[in-house]
Amino acid sequence: MKPGMIVLKTRREIETMRVVNLIVAEILDRLGEAVRPGTTTGELDKLADKMIFRAGAKAAFKGYRMRNQKPYPAAICSSVNDEIVHGIPGPRILKEGDIVGVDVGVIYKGFVGDAARTYPVGEVSDQAKKLLKITRESLYKGIEQAVTGNRLQDISAAVQGHVETNGFAVVRDFVGHGIGRKMHELPQIPNYTGVGWNPRLEVGMTLALEPMVNEGTWRVKLLDDEWTAVTADGKLSAHFEHSVAITDNGPFVLSEP
Ligand code: MF3
Ligand code: CO
């Protein structure tokens, strides 16, 4: 990846991004309550759609295009078990023991908010619990590094270190990203080190950090629906994401309620 322009945000813009991301956080809270055995992923999407409409916002993912894929058809991504990211909601019924990654993106007052959490469905295995815990912790290890004086790959190193120390693998085919008036701005933020650009972190950067962590291999496959990424070995995957602003007072987790 070659270096380019990182759009810095003013304090005022960061305040607006906070408002947008609080809408996202509220939706994720509500979806978390709705996740239980018997709920379909399509129901989660409907619920999010309603909440986005009521907030006077727009779904950022709906109609979104990446590469040459068909436009994304839903308001949320719901990725179950071996699905890593970009699972398309539908008739799939969540069952006891599943894990489901829920990713929500909203546009409000000209800015995009983006965050994700992975929820257990009822009681899950100890291994699944550990995967959720390590993935969430790795996100916060990354956030801790989102301070001026550091470089981008200090974030990547912190995430990767925590994941690999605990015997899991970070996905390489998908990365975090700058965020602002557009959902995907520069820089790309890999959850592993040694590749690409390594700019200094500055006040006013707004970054979506999103570790995707696999129980087994980091390798992925894409399903025929052109969107759903699954683990190549069929083992579990988890995903947590926060939008974060770098401020004079350190990282400001915009999407944390
Ligand atoms: N949080 C994901 C991302 O930042 C969600 C994108 S879904 C898409 O890439 F449909 F909009 F692509
Ligand atoms: Co994102």
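**Cobalt site and ligand pocket**

The six donor atoms around the cobalt ion (ligand 2) subtend angles of 66 to 172 degrees, and the arrangement is therefore irregular. Six donors count as octahedral if opposite donors are over 155 degrees apart and all others between 65 and 115. Donors are N, O and S atoms within 2.8 Å of the metal. The protein supplies D114 (OD), H177 (NE2), E210 (OE) and E241 (OE), which lie 2.0 to 2.3 Å from the cobalt ion. Along the chain these donors follow the spacing D-x62-H-x32-E-x30-E.

The model is predicted, and local features need pLDDT of at least 70, while side-chain atom pairs count only at pLDDT 80 or more. Residues are numbered from 1 along each chain, ligands are numbered from 1 in the order in which they are written, and hydrogens and water are left out of side-chain values.

Ligand 1 is surrounded by 14 residues (a heavy atom within 4 Å), and the closest are D103, H177, H184, E210 and E241. Polar contacts (pairs of N or O atoms within 3.5 Å) link oxygen atoms of ligand 1 to the side chains of H184 at 2.9 Å, E210 at 3.0 Å and D114 at 3.1 Å. The protein covers 97% of the 330 Å² of accessible area (Shrake-Rupley method, 1.4 Å probe) that ligand 1 has on its own.

Note on methods
A polar contact is a pair of N or O atoms within 3.5 Å; within protein, one must be able to donate a hydrogen and the other to accept it, and residues adjacent in sequence count only if both atoms are side-chain atoms. Donors are N, O and S atoms within 2.8 Å of the metal (3.2 Å for Na, K and Ca); water is not among the atoms, so sites may look incomplete. Four donors count as tetrahedral if all angles lie between 85 and 135 degrees; four count as square planar and six as octahedral if opposite donors are over 155 degrees apart and all others between 65 and 115; anything else is irregular.
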